[in-house]
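Q: Please take a close look at one part of this model, a pair of neighbouring strands and what surrounds them. I would like the cut-offs behind each term as you go.

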Amino acid sequence: MNLPKKIFEGFLRLRAVRRIAAISVLLWMFAGPVFAAHVLYYKTYHSGTGEIFNRFHCSIAKNSSGGYQVHWVIEENGTATEEDYALNENLETMRFRVVNVPEQTDYVGERRNNYIFIRGQFKGKKVEHGIEIDARPFYYNPKIGLTAFVLSGRKEEKFWGFQNRELKVYPMKATNEGPETISVGGRDVEAIKVHWTVDDFR
C-alpha cells in the first residue's frame, strides 16, 4: 500500500468506560513526508472532567522491509511504558515489544500467520503463550494502525486489538464518523472522527 505524503496526528477523547474503553479518535492530516522519522505528541483527556490522564509520544520511520518502525512512550501514573512496533506496509502490527521497568514488565509479541505469540515477563511473572486469530488485520496500537483505514475512505473496518492489561486479543470494529472541526492551539482544524470498540458480532 502506498500512502499519500501526509501524516496523521491524533487527539483522543474518552467516550465510555468498559473493559476495553470505547474511544473516539480525531485524526487530522498535515502535509509532510510519509512517517519520515516523524514525532507525534498526544494527550488523553477525560470527556467529563477535562483531566489529562496520560500523555504519550511516538516516532515513526520507514524500515528496510518497506514497512514502519514505531517507538511509543506512554506516561501515566508516574511511570513510563516504552513500546516498539514493527508494522508492514499496511500498518498492520507484525511484532511488538513492551517494557515497563518499575512494573517488571518486558515481553515480546509476534504475529505468525493466524496466531499471536507472546513471551517474556509481565508484572514479574513469566509469560509464554499463543492466541489464535483469523486473517483480519492486527493492530497492537489502533491509533496508528487505523491511519490506513481513514486514508481508504471506507466507513467500517474490523480488526484484532490487544488488551495489554491482560495480554488478550479482542475482535474490534472501527467506524468512520465523518469530518469534524476541532480547536488545536487556538485554531480550527478539520479532522476525521473515528470511533472504535469491541466488536460483539464477529
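A: Glu-75 has Ala-80 as its bridge partner in E6, and this pair belongs to an antiparallel pairing of E5 and E6 that extends over 9 bridges. Strands here, labelled E, are DSSP runs of at least two residues, and helices are H or I runs of at least four residues, both numbered from the N terminus; two strands pair if DSSP finds at least two bridges between them. This is a predicted model, in which local features need pLDDT of at least 70 and side-chain atom pairs count only at pLDDT 80 or more, whereas totals for chains, interfaces and linings use all residues. Residues are numbered from 1 along each chain as its sequence is written, and side-chain values use heavy atoms, with hydrogens and water left out.

E5 and E6 form a hairpin with 2 residues between them, and Asn-77 in the turn has a positive phi of about 55 degrees. On the other side of the pairing list, E6 also pairs with E7 in the antiparallel sense, over 6 bridges, with Leu-87 opposite Thr-93 of E7. The hairpin of E6 and E7 has 5 residues between the strands, and there Leu-91 takes a positive phi near 70 degrees.

Ala-80 also appears among the contacts of Asn-100, a residue that touches Thr-79, Ala-80, Thr-81 and Thr-105 when residues up to four places away in sequence are not counted; contact means heavy atoms within 4.5 Å. Asn-100 is found in strand E7 and is buried, with a relative accessible area of 2%, where buried means under 20%, exposed over 50%, and partly exposed in between, computed with a 1.4 Å probe and protein chains only. The side chain of Asn-100 makes a polar contact with the side chain of Thr-81 at 2.9 Å; a polar contact is a pair of N or O atoms within 3.5 Å, of which, within protein, one must be able to donate a hydrogen and the other to accept it, and residues adjacent in sequence count only if both atoms are side-chain atoms.

Another asparagine, Asn-54, lies in strand E4 and counts as buried at 11% relative accessibility. Asn-54 and Ala-80 are 26 residues apart in sequence, and their C-alpha atoms are 10.0 Å apart in space.

These strands also contribute to a nonpolar core, that is, a set of buried Ala, Val, Leu, Ile, Met, Phe, Trp, Tyr and Cys residues joined through side-chain atoms within 4.5 Å. The largest such core has 27 residues, and those with the most contacts inside it are Phe-96, Tyr-107 and Phe-162. At least two residues of this core come from each of several strands, including E4 (52–62), E5 (68–76), E6 (79–87), E7 (93–100) and E12 (156–163). The largest share, 4 residues, comes from E5. Apart from this core lies another, of 10 residues, among them Phe-149, Val-150, Ala-174 and Trp-196.

E12 is mostly covered, with 6 of its 8 residues buried. E12 is joined by 2 bridges to strand E11 (residues 138–139), and these two run parallel, with Gly-161 in E12 as the bridge partner of Tyr-139.

As for the setting of this part, the chain contains 2 helices and 14 strands, and buried residues make up 44% of its 202 residues.
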